[in-house]
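This report walks through the strands, the nonpolar core and the side-chain pairs of one protein chain. Please keep the sequence and the structure at hand while reading.

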Amino acid sequence: MSDITLRKVGKMFTESAVDDKYTLVVGEGSGSTADRDELVEALDLTDADFSIGAYERHVYIPAVRNGTSGNQPTATGVDTLAGLQFANGSTKYAYATWEVPSDWNGGDVTFQVCWFPDSGSLNGTTDTVIWDVDYRSIANGEATNNGTIESLQVTESSAITQYVTSKSQFTLDADGANQPLSIGDHVHLRVSRNNADAFSGTVVNTHFTVVYTSVGLPTN
């Protein structure tokens with residue numbers, strides 16, 4: 001574990017993960033060392049000053065082809081980006097897996113499909129791109145096909161200029177009836193562009209992002 005930095009009334013302290021000592025640092029120099037109890041007493045600290053508050057974490061998952069699985073979109077590159085190109089009118093699947101970490105707060109999780117149109121722009125009136133996400137949340141030792149798949153859909157109908165990125169957001173229900181989430185679960189997601197949407201051009205899925213609320217430092 002890296003050193004934990006603590007700030008209190010403008011003073012900086014560092015905690016060594018090895019000897020559990022704190023060092024007062026003044027400017028560029030080094031200072032005297034104290035243990036935790038001495039530091040708490042000297043600065044009138046509480047346990048709350050040593051805790052990590054809840055905060056939002058973002059997990060990046062690249063959009064890539066997975067082995068030789070069939071019906072996958074075309075791998076492509078556009079300038080400095082690489083991703084998966086989805087055409088209109090045929091169902092192709094991209095896949096992602098995320099392990100629910102130990103610092104998750106137990107609330108709903110946001111899954112984002114990040115993409116852009118690469119053969120023209122969405123006009124904001126008649127053009128639509130529809131994304132479908134199917135997933136299961138599977139515990140270690142549980143059959144990967146256990147339970148009923150949870151299916152979600154988002155329709156994008158706003159004007160989106162060619163090569164401008166967009167994020168389509170899905171909510172993974174923490175206590176959903178079909179696939180509730182638990183720490184340590186592997187959430188297996190299958191993403192597809194619905195072939196009934198109304199944009200004739202191709203779109204490129206660059207990556208996925210998982211957004212959740214953390215209550216500390218993860219250990220898995």
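In what order do the four strands of the open sheet stand, and is their pairing parallel or antiparallel? In this predicted model, the order is β8-β15-β11-β12, and the pairing is antiparallel. Strands β8 (93-99) and β12 (150-156) are at the edges with a single partner strand each, so one side of each is left without a neighbour in the sheet. From one strand to the next, the twist averages 20°.

Within this sheet, β8 and β15 (residues 186-193) run antiparallel and are joined by seven bridges. One position that can be located by eye is Ala-96, which stands opposite Leu-189 in β15.

**The pairing of β9 and β14**

Seven bridges also join β9 to β14, and these two strands run antiparallel. Phe-111 has Phe-170 in β14 as its bridge partner. The side chains of β14 alternate along the strand: Ser-166, Ser-168, Phe-170 and Leu-172 point to one face and are buried, whereas Lys-167, Gln-169 and Thr-171 point to the other face and are not buried. Thr-165 is found in the loop between β13 (159-160) and β14, and with a relative accessibility of 53% it counts as exposed, because the cut-off for that class is over 50%. The C-alpha atom of Thr-165 is separated by 7.8 Å from that of Pro-117, although the two residues are 48 residues apart along the chain.

**The nonpolar core**

The largest nonpolar core has 32 residues, and the members that touch the most others are Phe-111, Val-113, Trp-131 and Phe-208. At least two residues of this core come from each of the strands β7 (81-86), β8, β9 (109-117), β11 (129-138), β14 (166-172), β15 and β16 (203-214). Phe-111 therefore appears in two descriptions, as one of the core members with the most contacts and as the bridge partner of Phe-170.

**Aromatic pairs**

A pair of aromatic rings is described by the distance of the centres and the angle of the planes. A search of the whole structure finds five such pairs. In the pair of Trp-98 and Tyr-212, the ring centres are 5.6 Å apart and the planes are at 45°, so the pair is tilted. Because Trp-98 lies in strand β8 and Tyr-212 in strand β16, this pair ties together parts that are 114 residues apart in sequence. Trp-98 counts as buried at 5% relative accessibility, and Tyr-212 is buried as well, with a relative accessible area of 3%. Elsewhere, ring pairs link Phe-86, Trp-115 and Trp-131 into a cluster, and Trp-131 is also among the core residues that touch the most other members.

**Charged side chains**

Side chains of opposite charge can pair when their charged atoms come close. The count of salt bridges comes to three, and they are set out below with the N to O distance and the relative accessibility of each partner.

| Salt bridge | N to O distance | Arg accessibility | Asp accessibility |
|---|---|---|---|
| Arg-57 and Asp-103 | 3.6 Å | Arg-57, 27%, partly exposed | Asp-103, 2%, buried |
| Arg-190 and Asp-134 | 2.9 Å | Arg-190, 28%, partly exposed | Asp-134, 15%, buried |
| Arg-193 and Asp-197 | 2.7 Å | Arg-193, 1%, buried | Asp-197, 7%, buried |

Which parts of the chain does the salt bridge of Arg-57 and Asp-103 link? Arg-57 is in strand β5 (residues 55-62) and Asp-103 is in the loop between β8 and β9, so that the pair links distant parts of the chain, 46 residues apart. The salt bridge of Arg-190 and Asp-134 likewise links distant parts of the chain, with Arg-190 in strand β15 and Asp-134 in strand β11, 56 residues apart. Strands β15 and β11 follow one another in the order of the open sheet.

Arg-190 has a further partner, since the residue lies over the face of Tyr-93, at 5.0 Å from the ring centre. Arg-190 thus combines a salt bridge to Asp-134 with a position over the ring of Tyr-93.

Definitions and conventions. Residues numbered from 1 in each chain as written. Predicted model: local features only at pLDDT ≥ 70, side-chain atom pairs only at ≥ 80, totals over all residues. Heavy atoms only, no water. Pairing = 2+ DSSP bridges. Axes fitted to C-alpha atoms, helices over the stretch in contact; angles between N-to-C directions. Core = buried A, V, L, I, M, F, W, Y, C linked by side-chain atoms within 4.5 Å. Buried < 20%, exposed > 50% of the residue type's maximum accessible area, 1.4 Å probe, protein only. Phe/Tyr/Trp six-rings, centres within 6.5 Å; stacked < 30°, edge-to-face > 60°. Lys NZ or Arg CZ within 6 Å of the ring centre and 35° of its normal. Salt bridge = Lys/Arg side-chain N within 4 Å of Asp/Glu carboxyl O.
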